[in-house]
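Student: I'm new to this one, so please zoom in on a single topic for me: pairs of oppositely charged side chains. Walk me through them slowly, with how buried or exposed the partners are.

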Amino acid sequence: MGQFRTSSLFHYTKSIDVLYSILAQGLIPNYCYEDLSYTQNPNRGIGVPMVSFCDIPLSKTRLFVERYGKYAVGLTKEWAEGKRINPILYAKDENILISLNFQKAIEKRFADELKEHGCDERHVSFDLTPGPKPQIASFLNCINAHSANQCIHGMIKKYYGEYDGNIQVNYEENEWRYLVEDTESTPWFWNKIGYDEWRGDRNATPKPEPSEALIKHKLQFTTKDVAFIIVSKEQEVSDMVNFLSSMDNIADTKISEDDKLILYTRIISLERIQKDF
């Protein structure tokens, strides 16, 4: 039977300079737009601060790297488990997306009622047991609606998506995610309008840099966590060796000369992968 998953998680990027930055600083989350639209609600979507990975076997990455980049760091799944990184859920039936919207609408209804009492879901000025609105107290205490919606919305992706005007099967990407919690300093954009205001014109400006609050949630790793360092071309292997040799830290963690020797052995080019794997 063929291999359908790797024992490592890969984060792909489009330039060697970004890969250098990841190795030096760690993986910094930023907002990504997730299309959760369905027939009756064609513009529904959210902006979620995250870092994405995949566990597609290296022999099957040709199409994937054309979308997301020809440079990558591969980290062990043991490392990922400690960081609460999870495989996502792919929704093919629109009823799942409709259910998500329904649950969020219920949460909003109770949040609106809380506002009538000068509160919100993060700041409640009265005792929730029972409080002036017992049904709100019961709902928040038993279900913790906002946290529940956060978890499920952040881990859902549509089975089909669009890339460069073409329909693609998102399910083939084997995506895993690290999510940053929805807080006052790292708020999620719970609709497309909010995300678009943050993002700006996609055709005219690059995505905004992560905020200081998001940087504080960056993913750090050590030499033993690194399984692969992938560069695009064979000639870039020596460039990566030179970069690593000049480093004092990896992902802000001090490294020794022995650590560098280990990291050299983790380097491989996409050119070689596509020729030999």
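Tutor: Let's settle the burial words: buried means under 20% relative accessible area, exposed means over 50%, and partly exposed is in between (1.4 Å probe, protein chains only). This is a predicted model, where local features need pLDDT of at least 70, side-chain atom pairs count only at pLDDT 80 or more, and totals for chains, interfaces and linings use all residues. Residues are numbered from 1 along each chain as its sequence is written, and side-chain values use heavy atoms, leaving out hydrogens and water.

Now to your pairs. Searching the whole structure turns up 18 salt bridges (a side-chain nitrogen of Lys or Arg within 4 Å of a carboxyl oxygen of Asp or Glu).

Let's start with lysine 77 and aspartate 55, whose closest N and O atoms are 2.9 Å apart. Lysine 77 sits in helix α3 (residues 77-82), while aspartate 55 is in the loop between β3 (45-54) and α2 (62-68), so this salt bridge ties together parts that are 22 residues apart in sequence. (Helices, H or I and at least four residues, and strands, E and at least two, are DSSP runs numbered from the N terminus.) How accessible are the two partners? Aspartate 55 is buried, at a relative accessible area of 2%, whereas lysine 77 comes out as partly exposed, at 23%.

Next, find aspartate 196 and arginine 202. The closest N and O atoms of this salt bridge are 3.3 Å apart. Aspartate 196 is partly exposed, with a relative accessible area of 24%, and arginine 202 is also partly exposed, at 44%.

For a third pair, look at aspartate 225 and lysine 224. Their salt bridge has its closest N and O atoms 3.5 Å apart. Here aspartate 225 is buried, with a relative accessible area of 9%, but lysine 224 counts as exposed at 66% relative accessibility.

Salt bridges can also join up into something bigger than a pair here: Glu34, Lys157, Glu175 and Arg177 are linked in a network of them. Try picking out those four residues on the structure.

So, back to what you asked about. Aspartate 55 and aspartate 225 are the buried partners in the pairs we visited, lysine 224 is an exposed one, and lysine 77, aspartate 196 and arginine 202 are partly exposed.
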